[in-house]
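These are my notebook entries on one protein structure. I record what I looked up, entry by entry.

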Amino acid sequence: MEHHKDCLDVDSSEVEYTDDLIEDEEHHSSFDAEDDVDGNADDDVHDESVQLEGSISDALAGDRFVNVNSIASDEILKLEFGPADEAYEFYYRYGKCKGFSIRKGDVRRNSSGIITMREFVCNKNGLRDKKHLSRNDRKRDHRRLTRTNCEARLRVHYKAKKGRYVVSRFEEGHNHEVTPPKFTHLHPLYRKISEADRAQLDALQSHGIRKCHIMGYMVAQKGGYADVGFTKKDLYNYFDKKMRGVIKDGDVAAALKYLNVKSSTDPMLYAEYDVNNDGRMKSLFWADGSSRSDYFCFGDVLAFDTTYKKNKYNYPLCIFSGCNHHSQTIIFGVALLEDETIESYKWVLNRFLECMENKFPKAVVTDGDGSMREAIKQVFPDASHRLCAWHLHKNAQENIKKTPFLEGFRKAMYSNFTPEQFEDFWSELIQKNELEGNAWVIKTYANKSLWATAYLRDKFFGRIRTTSQCEAINAIVKTYSRAKGKIFEFMHNFEQVLRGYRNNELVADFKSKFTEPVLSTHLRLIEIDAARIYTAEIFKEVKDEIIDSGAIRLEDKKCVGDSMVYTLRKYRDKGIEREVVYNAASLEFQCSCRLFESRGIPCCHVFFVMKEEDVDHIPKCLVMTRWTKNAKGEFLNSDSNGEIDANMIELARFGAYCSAFTTFCKEASKKNGVFRDIMDEILNLQKKYCDVEDSTRSKSFTDDQVGDPVTVKSKGAPKKKKNAAKSVRHCSRCKSTSHTARHCSDTHNSELQYNEELVSISMEDSLSQKEKKKKRKPNGNASTSKQKKCEEATKVPEIPETADSPVTNAVQPPVNVLQPGIIPMQMQAIYPNYGLHGGESSTSCVGLLAQVMNVAGYGQQQSSQSCFYSAQTS
């Protein structure tokens, strides 16, 4: 009976099978007639409780160690052992040194249950039962034979007088070739993932390291594949078994439970899901407390994009992102959608608004998907929508192959023209490249207000003009997740992505607060003031504007009422004039270049006027709070007014307080003898700042089982089957299969003569093809052809593009006509309510919220680690 160590039965679609995954047909062996029939009572694999210490060539036999590599047969017959496991350990080491694998054989017990006889045999003992070789209902090929009816064995009997097991039979010879030393580590019995290795593997995987990289690390650490102790497939099986234990109730159920566990450490986590008529998950959206706090502070500009191949169900991954006061990418939330229809986008945008206390973004940047664009119009009607410049330029390259036009188109997108200047430039560009009637050019021009800077220069977009930061997030997510991963697995790995981005903010905060820039401009006082106000990254841009002010020349200066109007022009640039209006009484500046309105920093024209007017600091009207070092702190300390909703500030403070108290309680619980003092201080704080005790409401989602999604078809061309029959090429003129149109005769006479021959040839070819189809065997999947015909019958004809269709995607998303109408389902909150409004929940980002407190000046930064829900957590 064959057995193998640490064998994990995994799904064939996930892990490649080899002969260390054993079927029932392998579980058969033959024994001598004199052996007890009780051989299967204790027939198992290598007992993991046996601890193998010291050198593999030394084994304990009674009260002494023997060298199994040099011991002779007659010496083995004289050995005595204490417990039976000691005999097994000896034979285990003996087999490993000699190059064969062992297993437990027959066993006999007395009426008291004491083992009186134990036999250990070569792993090739016995033969495979013939009934397994003649089965007609097999679904898999036969495994390679491993049994040779080898008679090598070690048998021990119990001697009650001695209280020991003595060797009663030892067969040394084998009827097969023993394994050379370089192959010994490949025996399933000698492959084992130790407890120390498991702890190391779990730690590496929890930090998003891929399995292939983990194996490479272990090989480098142990000094080679032979010294690792397990194979790559063993490692994959270990992780697969562990994952199957976590998602035993379903992938979605495990993911929802994971979010529930995280909500205990982050009361601000928000998560909602939607189900279809079959009870399967259709859409899922979640955002943790730090993401929500970031949106409250920096949610004026929102960018989101979708990507595929981040989970086994092919559900599009939608990431909401923006930029913080360091101009770094921050993530506001993430969603998994069933499809990219208008209704799906509307659902997730409405959940996003509910999560963010109905704070609407001022600007949205997308790739121009038609469904996404329509959903934004309906959900964010007042937001300025900008199309991704990168996608738009890529589309231009695919549709227009003229280099002068592409260079001019890029200039039209990015140059700070006025609307009149843009119209003149565009007309000249089209006439010069003779594109007056081009359909793509006409359609793109109709949507100029969505991509031309001339029409967007008075709207604030920060530094976001493309969805490239979304693409960067997708690239990072790809390093942490695999294409066929579970939702639960992706959810945990996505925490590593969030942690990395938030650590970037921590590093940038340190750089901005505890380092000083080198001053090098001629406006030293203004530069000092800018270094004090702005973060390090934003200061670089402000400094560039200060430097550029040296190239500005004054054209005209006049007084209009209480203000001075400066007409400026750049050095050796007579084309563009800028006007700066300066009010000395209110210390206000306004420039016609609109850089402050679109970017949020003073322009070089304003700095020139400040120099002319002897202004030695940057006025408050030119300082946008979101770019300052203390942007988060000022938001938390601000009073509610017409511009800032009180609920947003309240939620941000709530998250900061929870973070601070969680960290404090964790450390305070380690102290002995101070519990009463700490509780008294907490109660005093409650009496001082809380007039009435807030009753905490509790709300959790229903325990109804939510089914896993069905794998959906993603965008793009379908994958071709490897064994698919190739189509026969025909001549486009005569339809013959013997040649193509290039070799078909051009003359009328030869064509008539050719046609007579080709008709007979094509008839023969057609008949031969029909005969081949008749003889062709079925492929075992009767539903494939029907399914293919059904898919072809349900294809939607292409809809011609109009001026209102998106301009940035050359290929429009397919319309899923098989998708049933979106039915509003119960959207259930999956978090305890903690006294908040419906829809608020949490993720463990305690350290980040503590960082917010530190920025506000209320305490030291604390670090925390996300709470990972494992199979042992209930």
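**Entry 1: Tyr689 and its surroundings**

I began with Tyr689, which I found in helix α25. The model is a predicted one, and I keep that in mind in every entry. I asked whether Tyr689 is buried or exposed. Its relative accessibility is 60%, so Tyr689 counts as exposed. The cut-off for the exposed class is over 50%.

I then looked up what Tyr689 belongs to on the surface. Together with Phe661, Phe664 and Leu685, Tyr689 forms a nonpolar patch with about 430 Å² of accessible area. The elements that give two or more residues to this patch are α24 (646-668) and α25 (675-689).

**Entry 2: The protein as a whole**

I next turned to the totals. I noted 28 helices and 18 strands in the protein. Of its 874 residues, 46% are buried. The accessible surface comes to about 46,300 Å², and carbon and sulfur atoms hold 51% of that area. I also looked up the contacts with a separation of 6 or more, and 67% of them join residues 24 or more positions apart.

**Entry 3: A sheet of five strands**

I looked up one open sheet, whose five strands run in the order β3-β7-β6-β5-β4 with antiparallel pairing. Which strands stand at the edges? They are β3 (80-81) and β4 (102-109); each has a single partner strand, so one side of each is left without a neighbour in the sheet.

Within the sheet I followed one pair. Strand β5 (residues 115-122) and strand β6 (residues 153-159) are antiparallel and share five bridges. On this pair, Arg118 stands opposite Val156 in β6.

**Entry 4: Salt bridges between β5 and β6**

I counted on the record of charged pairs next: the structure holds 29 salt bridges. One of them joins the side chains of Glu119 and Arg153, at 3.0 Å from N to O. Glu119 lies in strand β5 and Arg153 in strand β6, so this pair ties together parts that are 34 residues apart in sequence.

Glu119 also meets Arg155 in a salt bridge, here at 2.7 Å from N to O. This pair links distant parts of the chain, with Glu119 in strand β5 and Arg155 in strand β6, 36 residues apart.

I checked how covered these residues are. Glu119 has 0% relative accessibility and therefore counts as buried. Arg153 is buried, with a relative accessible area of 0%. Arg155 is buried as well, with a relative accessible area of 8%.

**Entry 5: A salt bridge between two helices**

I moved on to Arg599, which forms a salt bridge with Glu541; their closest N and O atoms are 2.6 Å apart. Arg599 is in helix α21 (residues 595-599) and Glu541 in helix α20 (residues 536-548), so placed that the pair links distant parts of the chain, 58 residues apart. Both Arg599 and Glu541 are buried.

I close this entry by returning to the earlier residues: salt bridges that share partners join Glu119, Glu151, Arg153 and Arg155 into one network.

**Entry 6: An annotated region**

I looked up the record for a named region. An unreviewed UniProt entry lists residues 576-614 as "domain: SWIM-type". Over residues 576-614 the model is 36% helix and 28% strand. The C-alpha atoms at the two ends are 25 Å apart.

**Entry 7: The hairpin of β8 and β9**

I examined strand β8 (residues 270-275), in which six of six residues are buried. In a regular strand the side chains alternate between the two faces of the sheet. In β8, Tyr270, Glu272 and Asp274 point one way, while Ala271, Tyr273 and Val275 point the other way.

Strand β8 pairs with strand β9 (residues 281-287) in the antiparallel sense over six bridges. What is the bridge partner of Tyr273 in β9? It is Leu284. Five residues stand between the strands of this hairpin, and Gly279 takes a positive phi near 80° there.

**Entry 8: Ile464 in a loop**

My last entry concerns Ile464, which lies in the loop between α16 (453-456) and α17 (468-480). Its relative accessibility is 3%, so Ile464 counts as buried. Ile464 and Cys388 are 76 residues apart in sequence, and their C-alpha atoms are 8.9 Å apart in space.

How values were computed
Residues numbered from 1 in each chain as written. Predicted model: local features only at pLDDT ≥ 70, side-chain atom pairs only at ≥ 80, totals over all residues. Heavy atoms only, no water. Pairing = 2+ DSSP bridges. Helix = DSSP H or I, 4+ residues; strand = E, 2+ residues; numbered from the N terminus. UniProt positions renumbered as here; feature names shortened; annotations may be inferred. Patch = residues over 30% accessible without salt bridge, like charges linked within 9 Å, V, L, I, M, F, W, Y side chains within 5 Å. Areas by Shrake-Rupley, 256 points an atom, 1.4 Å probe, with all protein chains shown as cover. Salt bridge = Lys/Arg side-chain N within 4 Å of Asp/Glu carboxyl O. Buried < 20%, exposed > 50% of the residue type's maximum accessible area, 1.4 Å probe, protein only. Contact = heavy atoms within 4.5 Å.
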